[in-house]
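Student: I have not looked at this molecule before. Could we go through it by short questions?

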Amino acid sequence: MFLTTKKPKEVEQKFDPNLAEQIHVMPPRYVAESKKIPLKQILLIIAIFVGLAGIGVGGVIFINNFFNTEADIPAASTASNFSPSVPAAETPPANIAVNLPPSSPALQPTAPAEISPEPVPTTGAEDDDQDGLTLNEERLYLSNSLSADTDGDGYLDGAEVKNGFDPHLAAQTLEKSGLALTYQNSTQSYSVSYPKDWYVNTLSVGGAEIVFDSKLGEFIKIFTKANPNHEPLLSWIALNDLLVNAGELIAVQANSLPGYKTPDGLKFFLAKPDLSSVYIIGYESAGVSAVSFKTTLELMVNSFKLADQ
Ligand SMILES: [Ca+2]
Ligand SMILES: [Ca+2]
C-alpha cells in the first residue's frame, strides 16, 4: 500500500537508543553537587537548630518563673495556682501585711517638738537660797541648793558647814557623815578638816606649804611661817606680808586661836599661843573670778587645831 504507517527513514535514523539513555540520566553537574554537601554545613545547621531550641526552652522556663514569682505576692488564692508545691497556708495575708510599710504613723499628726529653754550658764558660785553655801558647796555637802535649811533643824546650811556640821542630816558632823576628812600635819603639829572630794598636795619639805585642791581651779593653802623673834601677830604681818594692809585687818578668834582676816574674808592669819609660828590659811582663785568655796575656807579655819591644844 502506498500509504503506510511506516516512519520515514530520517525519523527512524534519528532515534538513537544511546541518546535516549542519556536523556533520562541526571545531568552530571547535579549529581556532582548533591554529593558535595559538606559535613561541616550539616553539623552547623544542626548546631543552630539545637541552639534555637535551647533558647526557646530557656525563654519558656524564664517566663514560667517570672509569673510564678508574681503570683506569690498578691494573694494566697492565686499563689496556689502558680506554685502548687507551696501550700497557701505558708504565705498567709498576715505575713504580707507585716512587710508592708506601716500606714498608721504617717496618718497621725506629729506633735510639735518641745523647745527646751537654753540652760542658764552658772559659775557655781551662786547662792540661790541665800544660805551661805554656793552651788559648788551645796554639791560638795549634798545639801539642797533651793532650801536654806536642808535638814530642817533651824540652822542654815552655810552656818552648819562653817561649824563642821552636816547640813543635810540634823545633829551630825561632816566628818561623821564622811563628807569631810581630817588632814594631820605631824611636822607642823596641826590638824584641819577639808572636803572629802578635794586633793591634798604638799608643796614644800617639812609640810610648811599644803594645798587643798577643789579640782575646779580654786584651792586653799595653809602656809606655816616661823616667828623666831615672837613678834606680835599684827606686827609680824606688817613686816612679812607686803600684799596685805595690816591696818585693815579684822580680828578673829578661831578655835581659841587669836588671829586676823582680810576685809574680803579670803585670808586668815593665826598665831601659835607662844608666837613661835604663824599659820596663813588663804584662798587662791588661780584665775577663777567667782569665789565658790568661801564658807569651806571658814570651815577649815574653824577646824584648824594645834596638836597640843
Ligand atoms: Ca545655797
Ligand atoms: Ca540645817
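Student: Which residue in β10 stands opposite Y190?
Tutor: This is a predicted model, where local features need pLDDT of at least 70 and side-chain atom pairs count only at pLDDT 80 or more, while totals for chains, interfaces and linings use all residues. Residues are numbered from 1 along each chain as its sequence is written, and chains are lettered from A and ligands numbered from 1 in the order in which they are written. Strands (E, at least two residues) and helices (H or I, at least four) are DSSP runs numbered from the N terminus. The residue in β10 opposite Y190 is L306.

Student: What is the strand order of the sheet that contains β10?
Tutor: Two strands pair if DSSP finds at least two bridges between them. β1 and β2 are antiparallel and share six bridges, and β2 (190–195) and β10, also antiparallel, share two. This open sheet of three strands therefore has the order β1-β2-β10.

Student: Why is one side of β1 and of β10 left without a neighbour in the sheet?
Tutor: β1 covers 180–185 and β10 covers 305–306. Both stand at the edges of the sheet, so one side of each is left free, because each has a single partner strand.

Student: In this sheet, which residue of β10 is the bridge partner of S191?
Tutor: In the other pairing of β2, T182 is bridged to S193. On the β10 side, the bridge partner of S191 is K305.

Student: What angle does the direction of α12 make with that of β2?
Tutor: α12 packs on this sheet and touches β2 and β10, contact meaning that two C-beta atoms, placed from the backbone, lie within 7 Å. Axes are lines fitted to C-alpha atoms, for helices over the stretch in contact, and angles between N-to-C directions run from 0 to 180 degrees. For α12 and β2 the angle is about 155°.

Student: How many residues of α12 are buried?
Tutor: A residue is buried if 20 or more other C-beta atoms, placed from the backbone, lie within 10 Å of its own, exposed if 12 or fewer, and partly exposed in between. The buried residues of α12 include K294, L297, M300 and S303. The helix has ten residues and is largely enclosed by the rest of the structure, because the buried number is nine.

Student: Is S189 exposed, buried or partly exposed?
Tutor: S189 lies in the loop between β1 and β2. These strands form a hairpin with four residues between them, and S189 in the turn has a positive phi of about 60°. Within 10 Å of S189 there are 16 other C-beta atoms, so the residue is partly exposed.

Student: Where does H230 lie?
Tutor: H230 is not a glycine, yet has a positive phi of about 55°. With 11 other C-beta atoms within 10 Å, H230 is exposed. Its place is the loop between β5 and α11.

Student: What is the average twist from one strand to the next in the sheet of seven strands?
Tutor: That open sheet runs β3-β4-β5-β9-β8-β7-β6 with antiparallel pairing. Its edge strands, each paired on one side only, are β3 (199–202) and β6 (250–254). From one strand to the next, the twist averages 20°.

Student: At about what angle to β9 does α12 run?
Tutor: α11 (233–240) lies across β5, β7, β8 and β9, at about 40° to β7. α12 (294–303) lies across β5, β6, β8 and β9. Its angle to β9 is about 165°.
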